[in-house]
Amino acid sequence: MTKKLRFLLLVFSSFIYGQQVTLSNTAEISILTVGPGTSLNDAFGHSAFRIKDPNNRLDVVYGYGEYDFDAPNFYLKFARGKLNYLLSKDNFSRFYQVYVYFNRTVKEQVLNLSQSEKQNLYNYLINNYKPENRGYLYEFFFDNCATRIKDVTKIATKNAIEFNLPKNYTTKTFRSLIYDNVNKNTWGSLGIDMALGAVIDRKATPEEQMFLPENIYNFFEAATKKDGTPLVKKSNIIFTKRPTKIANNFFSSPLFILGLIALAIVFITYKDFKNKKQTQWLDITLFSFTGIIGILILLLWFATDHTGTHQNYNLLWAFALNILMIGQLVNKKPKSWFIKYLKFLIIMLCLLTLHWVIGVQVFAIGLIPLLIALFIRYIYLVKYYTTPNSKQPI
C-alpha cells in the first residue's frame, strides 16, 4: 500500500469517526433487549442502544458485547480476565435479521429523553466508537453489555434517573441470578459453579442485579426521571421467539454421568473391601483429577483479574496437593503421615458440606454423587492402610 493511499484512508476514517450528526426532533433512542440463546455464551441475553432518526436516515444499533478473536493471546487473556470487549455498531436491519435467524426475542424501550439528552447520548456513543475508545476491560458482573447501558444513560442524563424497584422484585444472590438463566443440572452450570467462588453467594444490591439484560429491561421499565416522569416512553416487542422444543436429556446431564462414575467408584471400593485390595489405578486417577482441578481453581483465584473466582471453596474437595500424593499411592507401603493426610481430606469434605448447609457457598448439584464417592473411597483407603494383612494393590 502506497503512502499516499494510507494517508487518504487515514483521512477518510478520521472523517467517518469524527462525524457529529445533529439529531432531529423526530429522533428516538431505545434500549433493545435480546432474549437468551441456546448456548452458554448467549444464555444471559444482550442489551444495546438503538438510535433512530428518520430525518437523518439514521437507524443504527450500538452494543458493548463484541470481542476480537484476532487479538493477540486471545484465549490466555480471556482466561486471565484481561480481554478487552468492544463497542459495536450495526445497521438495525442487520441486527434484527441476525436475532430473527437465531430465534431470539427482541424487545424495545423508547426512552423519554429531552433533545439535549438524546444528543448527549448519541455524541457519547460516537466518541466511544472511535478506535482508541472502543475497547473496555470486560467484567461479567460489574462491567458488561448490560451495565454499560445503565452507565451511559446516566451520563447522558447527568444522573437525572431514579431506578425504582420493579414489580415482583426479589433479593437474590449473584449465583441465584445466574440460575435464573442457566439450568442447574447442565455442564455449563457445573463449570460456572466450579469456577466461581463464595463471593457470588452474597446478596446483590438492586443496581448490581442490572448486570443481566433482562433486569436492565425491568429496572428501566420502572425507572423515573428526577421530575417524576417515566424514563421509558413506550415499550414493544419487535420480534417474539418462535416456539421450539427444549431438549433436556437427563441421561447426558452432569448428575447422571457423574452419578454413573460415582457408582463405579463405590462398586470398585466394595470389591476392594471384600478382597482386602487396593485398585491403584483408580486412586491415581482420582488424586490426579482432583489435584489438577484444584490447581486450576487456585490459578483462577490468584492468577487472574476475575472477581467472581475468589474465595472458591471447591478447593475443599479439589485439593491441589493431591497431585503430589501420587507417589505415596504407588508405594508398597506409604508413609505414616499419608494416612493422616487422607483423614484430612475426609475432614475437608465435611467442611464443604458445612459451608453448603450454612450458605457460605453453593456447590454444583452435579457434584453430589462424586463427593459422596470420594468420601467413601477416602474412608476405605484409611482402613486399608491401617489394616494388617492387606493384599498388594492392583
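In this predicted model, seven strands make up an open sheet, ordered β6-β4-β3-β2-β1-β5-β9 and paired in the antiparallel sense. The edges belong to β6 (135-137) and β9 (232-239); each of these has a single partner strand, so one side of each goes without a neighbour in the sheet. Going from one strand to the next, the twist averages 25 degrees.

As a reminder, strands of a sheet pair through backbone hydrogen bonds, in either a parallel or an antiparallel way. At the β9 edge, strand β5 (residues 106-111) runs antiparallel to β9 and is joined to it by six bridges. One residue pair here is L111 with V232, its bridge partner in β9.

Further into the sheet order, β2 pairs with β1 and with β3. Seven bridges hold β1 and β2 together, again antiparallel, and L32 sits opposite A48 in β2. With β3, strand β2 shares six bridges, also in the antiparallel sense; here K52 faces D59 in β3. The β2 and β3 strands form a hairpin with four residues between them, and R57 in that turn takes a positive phi of about 50 degrees. As for cover, β2 is mostly hidden, with seven of its eight residues buried.

Two helices can be placed against these strands. Helix α3 (residues 92-101) packs on the sheet and touches β1 (28-34), β2 (46-53), β3 (58-67), β4 (84-91), β5 and β9, with its direction at about 105 degrees to that of β4. Helix α8 (residues 213-222) lies across β1, β2, β5 and β9, and runs at about 35 degrees to β5.

Away from the strands, helix α7 (residues 187-195) has S189, L190, I192, D193 and M194 as its buried residues. Their cover includes α6, α9 (254-275) and α10 (280-302). On the α6 side, R175 belongs to helix α6 (residues 174-179). This arginine counts as buried because its relative accessibility is 1%, under the 20% cut-off. Leaving aside residues up to four places away in sequence, R175 touches I192, D193, L196, G197, A198, I200, D201, Q361 and V362; among these contacts, I192 and D193 are also buried residues of α7.

Finally, there is a nonpolar patch on the surface. I347, L351, L354, V357, I358 and V360 make up this patch of about 530 Å². One of its members, I347, lies in helix α12 (residues 336-358). With a relative accessible area of 48%, I347 is partly exposed, and that value clears the 30% needed for a patch residue.

Definitions and conventions
Residues numbered from 1 in each chain as written. Predicted model: local features only at pLDDT ≥ 70, side-chain atom pairs only at ≥ 80, totals over all residues. Heavy atoms only, no water. Patch = residues over 30% accessible without salt bridge, like charges linked within 9 Å, V, L, I, M, F, W, Y side chains within 5 Å. Areas by Shrake-Rupley, 256 points an atom, 1.4 Å probe, with all protein chains shown as cover. Salt bridge = Lys/Arg side-chain N within 4 Å of Asp/Glu carboxyl O. Buried < 20%, exposed > 50% of the residue type's maximum accessible area, 1.4 Å probe, protein only. Contact = heavy atoms within 4.5 Å. Pairing = 2+ DSSP bridges. Axes fitted to C-alpha atoms, helices over the stretch in contact; angles between N-to-C directions.
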